[in-house]
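Work through the exercises below with the sequence and the model open. Each task is followed by a solution in steps.

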Amino acid sequence: MINVTLVGKGNISWHLKKVLSQTDGVQVHAVLSSRGNTISETLNSVAADTDIYILAVSDDAIASVSALFKGISKLVVHTSGSVSIHALPKGLKRGVFYPLQTFSKGNAVNFKTVPICIEAENEKDIILLKKLANLISDTVYEITSEQRKSLHLAAVFVNNFVNHLYHIGDELCEQHQVPFAILRPLIAETAKKITHLPPLKAQTGPAKRQDLQTIQTQSTLLKNDEHQKIYNVLTQSILNTYGKKL
């Protein structure tokens, strides 16, 4: 049995508590608030029953929250994609347990499909993290802090930026009284296509075709200056990728 104490009560903590509580071989011993006084008051009471402390807190809070764990002999890990393992204090058994997925409270996630990226400083801790990760996910990767930073940056492009583009598309639809739902099959097919094609080969559209007349027409249609800038920058990037400039 792996005994886990979660620290933090945000989105990732909510999802980890849900999946770990339903997993054979794992016991969620406690979920602590990330506020310092609360942690300090309860750490000693849960220490004997905890194998792994998972700090599911904001990136900015990792250093200050983990500083409260000095003297703790059990494994302490954070869940950030962009923060180094070395943000945790020296002297701790340090690690990272990073589920690469977008999380929103109340939105169900199938953890079996979520890649878990782990890191630790000794083989015993790696084995423990792999054991925990394999209980909830079918894909587990051991990667370094530097690799994870680059992976998280890539995730910002393919998830956060893409979702913002969905928002712009939604606004354009709303402005012209067209339901955004019409675009959902296209969104799904685009995501499905890159499961068997590299993005370079999956690209379509006027910039890939180097259809300059359509590009000019569409750019002019955008009355929002910010949207037009985004359209032009992305269009130029695609043209550059496939060998042509505006």
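**Exercise 1: Ile 230**

Ile 230 is part of helix α10. The model is a predicted one, in which local features need pLDDT of at least 70, side-chain atom pairs count only at pLDDT 80 or more, and totals for chains, interfaces and linings use all residues. Residues are numbered from 1 along each chain as its sequence is written, and side-chain values use heavy atoms, with hydrogens and water left out. Helices (H or I, at least four residues) and strands (E, at least two) are DSSP runs numbered from the N terminus.

Task: Classify the accessibility of Ile 230 and list what Ile 230 is in contact with, leaving aside neighbours within four places in sequence.

Solution.
1. Apply the cut-offs: buried is under 20% relative accessible area, exposed is over 50%, and partly exposed is in between (1.4 Å probe, protein chains only).
2. The relative accessible area of Ile 230 is 22%, so the residue is partly exposed.
3. Contact means heavy atoms within 4.5 Å. Outside the four-place window, Ile 230 is in contact with His 164, Leu 165 and Ile 168.
4. As a distance check, the C-alpha atoms of Ile 230 and Ala 61 are 32 Å apart, with these positions 169 residues apart along the chain.

**Exercise 2: α5 against α10**

Task: Describe how the axes of helix α5 and helix α10 cross, and give the residues that meet.

Solution.
1. Two packed helices are described by the angle between their axes and the distance between the axes.
2. Axes are lines fitted to C-alpha atoms, for helices over the stretch in contact, and angles run from 0 to 180 degrees between N-to-C directions.
3. Helix α5 covers residues 145-175 and helix α10 covers residues 225-241; their axes come within 12 Å and cross at roughly 125 degrees. This angle makes α5 oblique to α10. The classes are roughly parallel under 35 degrees, roughly antiparallel over 145, roughly perpendicular from 65 to 115, and oblique for the rest.
4. The crossing of α5 with α10 is left-handed. A crossing is left-handed if the near helix is turned anticlockwise from the far one by less than a right angle, and right-handed if clockwise.
5. On the α5 side, His 164, Leu 165, Ile 168 and Glu 171 meet His 227, Ile 230 and Leu 234 of α10.
6. By class, the contact of α5 with α10 has four nonpolar residues, two polar and one charged. Ala, Val, Leu, Ile, Met, Phe, Trp, Tyr, Cys and Pro count as nonpolar, Asp, Glu, Lys and Arg as charged, and the others, Gly among them, as polar.

**Exercise 3: α9 against α10**

Task: Repeat the analysis for α9 and α10.

Solution.
1. The axes of α9 and α10 are 9 Å apart and the packing angle is about 160 degrees. That makes α9 roughly antiparallel to α10.
2. The handedness of the α9 and α10 crossing is right-handed.
3. From α9, the contact uses Leu 212, Thr 214, Ile 215, Gln 218, Ser 219 and Thr 220; from α10, Gln 228, Tyr 231, Asn 232, Thr 235 and Leu 239.
4. The contact of α9 with α10 has four nonpolar, seven polar and no charged residues.
5. Asn 240 also has its place in α10. Asn 240 is partly exposed, at 38% relative accessibility. Its C-alpha lies 9.6 Å from that of Lys 208, which is 32 residues away in sequence.

**Exercise 4: positive phi**

Task: State where Gln 177 and Gln 210 lie, and give the phi of Gln 177 and of Gln 210.

Solution.
1. Most residues other than glycine have a negative phi, and most peptide bonds are trans.
2. Gln 177 sits in the loop between α5 and α6 (184-193), with a positive phi near 55 degrees. At 69% relative accessibility, Gln 177 is exposed.
3. Gln 210 sits in the loop between α8 (206-209) and α9 (212-221), with a positive phi near 60 degrees. At 31% relative accessible area, Gln 210 is partly exposed.

**Exercise 5: a loop residue**

Task: Is Ile 85 buried or exposed, and which residues does Ile 85 touch, not counting those up to four places away in sequence?

Solution.
1. Ile 85 belongs to the loop between β4 (75-78) and β5 (93-99).
2. Its relative accessibility is 2%, so Ile 85 counts as buried.
3. Ile 85 touches His 78, Arg 94, Gly 95, Val 96, Glu 119, Ala 120, Glu 121, Ser 145 and Arg 148.
4. In the protein chain, buried residues make up 35% of the 246 residues.
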